[in-house]
Amino acid sequence: MTEKSTYKELQKRVLESEKTELKLRTANEELDTILSMSLDMICIADIHTATFIKVNRAFIETLGFSEDDLLGRPFLEFIHPDDIDSTRQIVEQKLSKGKKVLNFENRYRCKDGAYRWLSWVSHPDPEKGVTYAVARDVTDLKEAEQALRESEEKFRLTFNASPDAVNINRLKDGLYVDINQGFTELTGFTREDVIGKTSKEIQVWNDLADRQRLVSILEKSGFCENLEARFRRKDGSLTTALMSARIIFLEGEPHIISITRDISDRIRAEEALRESEKKYRIILESMEEGYHEVDLNGRFTFFNMSFQKILGYSHEELIGLSYRRYAADETNRKRVAEAYRTVFTTGKPLHDFVWEIVRKDGIRRTIEVSASLIRDKHNHGIGFRGLVRDITERKRAEEEREKLQSQLNQAQKMETVGRLAGGVAHDFNNMLGIIIANAELAGMELKPDEIVHKNIQEILKASQRAADTVRHLLAFARKQITSPKVLDVNDTISGDLRMLSRLIGEDIHLRFVPGKDVWKVRMDPSQVQQILNNLVVNSRDAMPSGGTITIECKNTVLDESYCRMHNGVEPGDYVLIAVSDTGEGMTPEVMENLFDPFFTTKEVGKGTGLGMAMVYGAMKQNNGCVQVYSEPDKGTTVELYLPRVEEGPATREGAGKKAVPGGKETVLVAEDETSLLDTCRYVLERQGYTVLAARLRKRPWILPLSTRARLICC
């Protein structure tokens, strides 16, 4: 070969080499471009040293390492320790089978220390001594699969563990795909009984219209909640259940997943509760007591009809109404607030608390309350409940009964005192009779100008005053011998006005108001005079600075209500004699003892305390009654009620007394007091009578006075 040809050959080879190098450089540039543009992770590793030769940008960005961190380092260094053996086994198995493309997954470590799942497609090239590999980050997919597995596991656990019946049916025909244990317990059907069969075939719906209703709701909205229906158990019994369902798709076909809860017990409980509430409401509304509930502010939240009637408000008016609205006054409001505050702080119920209210119509009533605290589930007080009774009438009855009892006690006391006064007056009267009779006999033997005669006259004056006191006692004891007559009280009082005027001073005006067509009464005129004397003197003493005394007569009728309040008085027609003054009046303490014998507010020597006692006794003796009205500084009015008698000739007291006549008759004198018996015999014998004296063994005051009168003269 010539030198020239050799040169050309060499030049040709150099040119081809340059072309090859250009192609190679171009190919590398194209490879780099592909590697940089690829979204997948691409790497080239030395097959012998298992080190990275080249990695693309996606590889670097996914793991977070730089290119210098990866090139020349073994790729096993980045594999999760738990995945190294499994990765090696997969590669060896596939290579041993002659496969040139390897597929596997493992976890690769990132620069931040975290691991990510990579899915590899690897192609080893032993001739070139390299491995080409493409990886895709499937971490999110792995996590989603794991979440799906966990979700499916939770669903399965929930599906099987749910106490409710859970089942999956095909939408179009109700074919059972799956059921849980709750379904078996609810219906009695086993899994073998229902899987592959429709709900119609096993006749689980009591009414197929309920299933159609369920399907219609699901097709319209995709879900159904709380559908109540009746279901048939395997044994033929029926139960009521509540169903909620949704449409799901299995293999592209719509199915129903439903949860059914047996509410038969709840239905029975609700029915029992309704029945109980009905009974409770009937009892509550038939109670005479008012039941109520209030919050802590005292506002009504619940009450029955009786409570509305007690307060007089409608239901709408009463809801939310505060106790302050109907409490009678501020004192009652404070008492109620304090009582309920005690219940709240102590937790102890309130019993028989009495206070006063004002109804809507303005009527004041007295109520009795029993209340207790309402607590929540945490045992905190949230309000009060209680019973209310209207005790207004009972209170009035109790007050009337107490008044009647007081009157009875007073009457019994006066009766006892009267008996004692009668006995004492009789004994005292016997002694006075002896004194007066002997003093008069002694005076008859003396001349008027003798000193002893004057002394005897003083004895007679003192004895006469004592006799007046005895007469008052007998009048009080209703044992005074009287001569009742039919009287016209206008005439009787008119005849006594001059005498009454002498009892009062010039600075006191006596005023008489006679009644028109006043009815007749039966009474001893001397008793009328005694009563008026006592009342006028009392009025005079109550007006030391002067004033007016008014005596008034009129007809009146006492009804049963008045007589119930005044023991011993019969309903009927009465003549009222009222004596009023403008004096100082009396305190309640004085009023309580007004008719007690020997009770007086006057100074010593100015009164015996028998005046009002005599008035009381005289009125009782004549089947009448006396009522006194008085207040301090407002004067006093004494009302005397005498029963009406049939019309007859009215009598006025005679002009004078006739002298005791003498005679020759025989007189029987009976007396237990020997001295008085001897005195009576001596006086009668001086008048010419023949006297038979008999001494009684028993005390004569035990005998009726009318009997004593018959024994004295026969």
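The following dialogue sets terms used for this predicted model against their definitions.

Guide: This is a predicted model in which local features need pLDDT of at least 70 and side-chain atom pairs count only at pLDDT 80 or more, while totals for chains, interfaces and linings use all residues. Residues are numbered from 1 along each chain as its sequence is written, and side-chain values use heavy atoms, with hydrogens and water left out.

Visitor: Why is the contact between Phe59 and Trp120 called a tilted aromatic pair?

Guide: Rings of Phe, Tyr and Trp (its six-membered ring) pair if their centres lie within 6.5 Å; planes under 30 degrees apart count as stacked, over 60 as edge-to-face and the rest as tilted. The centres of Phe59 and Trp120 are 6.2 Å apart and their planes are at 55 degrees, so the pair meets the distance limit and is tilted. The structure holds 16 aromatic pairs.

Visitor: What makes Phe59 and Trp120 a link between parts of the chain?

Guide: Helices (H or I, at least four residues) and strands (E, at least two) are DSSP runs, numbered from the N terminus. Phe59 belongs to helix 2 (residues 57-63) and Trp120 to strand 4 (residues 115-125), so the pair ties together parts that are 61 residues apart in sequence. Both Phe59 and Trp120 are buried, a term that means under 20% relative accessible area, with exposed over 50% and partly exposed in between (1.4 Å probe, protein chains only).

Visitor: How do you know that Tyr108 and Trp120 are tilted?

Guide: Their ring centres are 5.2 Å apart and their planes stand at 50 degrees, so this pair is tilted. Tyr108 lies in strand 3 (residues 102-109) and Trp120 in strand 4, so parts 12 residues apart in sequence are tied together. Tyr108 is also buried. Phe59, Tyr108 and Trp120 are among the members of one aromatic cluster, which also includes Phe52, Phe65, Phe75, Phe78 and Phe104.

Visitor: Why is the charge of Lys142 said to sit over the ring of Trp117?

Guide: The term requires NZ of Lys or CZ of Arg within 6 Å of the ring centre and within 35 degrees of the ring normal. The charged end of Lys142 is 4.6 Å from the centre of the Trp117 ring and is classed as sitting over it.

Visitor: What makes Arg107 and Asp83 a salt bridge?

Guide: A salt bridge is a side-chain nitrogen of Lys or Arg within 4 Å of a carboxyl oxygen of Asp or Glu. The N to O distance between Arg107 and Asp83 is 2.9 Å, so the criterion is met. Arg107 lies in strand 3 and Asp83 in helix 4 (residues 81-96), so the pair ties together parts that are 24 residues apart in sequence. The structure holds 34 salt bridges.

Visitor: How do you know whether Arg107 and Asp83 are buried or partly exposed?

Guide: Arg107 has 22% relative accessibility, so it counts as partly exposed. Asp83 has 7%, so it counts as buried.

Visitor: Why is the contact of Arg261 with Asp164 called a salt bridge?

Guide: The closest N and O atoms of Arg261 and Asp164 are 2.8 Å apart, so the pair satisfies the limit. Arg261 in strand 10 (residues 253-262) and Asp164 in the loop between helix 5 (139-161) and strand 6 (165-170) are 97 residues apart, and the pair links distant parts of the chain. At 49% relative accessibility, Arg261 counts as partly exposed, whereas Asp164, at 12%, counts as buried.

Visitor: What makes Glu330 and Arg324 a salt bridge?

Guide: Their side chains meet at 3.7 Å, N to O, so this pair also lies within the limit. Glu330 is partly exposed at 35%, and Arg324 is partly exposed at 41%.

Visitor: How do you know that strand 13 and strand 14 pair?

Guide: Two strands pair if DSSP finds at least two bridges between them. Seven bridges join strand 13 (residues 350-358) to strand 14, and the two run antiparallel, so they pair. Val354 has Glu368 in strand 14 as its bridge partner. Glu368 also belongs to a salt-bridge network with Asp352, Arg389, Arg394 and Glu398.

Visitor: What makes strand 14 mostly covered?

Guide: Nine of the 12 residues of strand 14 (residues 364-375) are buried. Strand 14 also pairs with strand 15 (residues 381-390) in the antiparallel sense over nine bridges, and Ser370 stands opposite Leu387 in strand 15.

Visitor: Why is Gln308 called buried?

Guide: Gln308 has a relative accessible area of 11%, so it falls under the 20% limit. Gln308 lies in helix 11 (residues 305-311).
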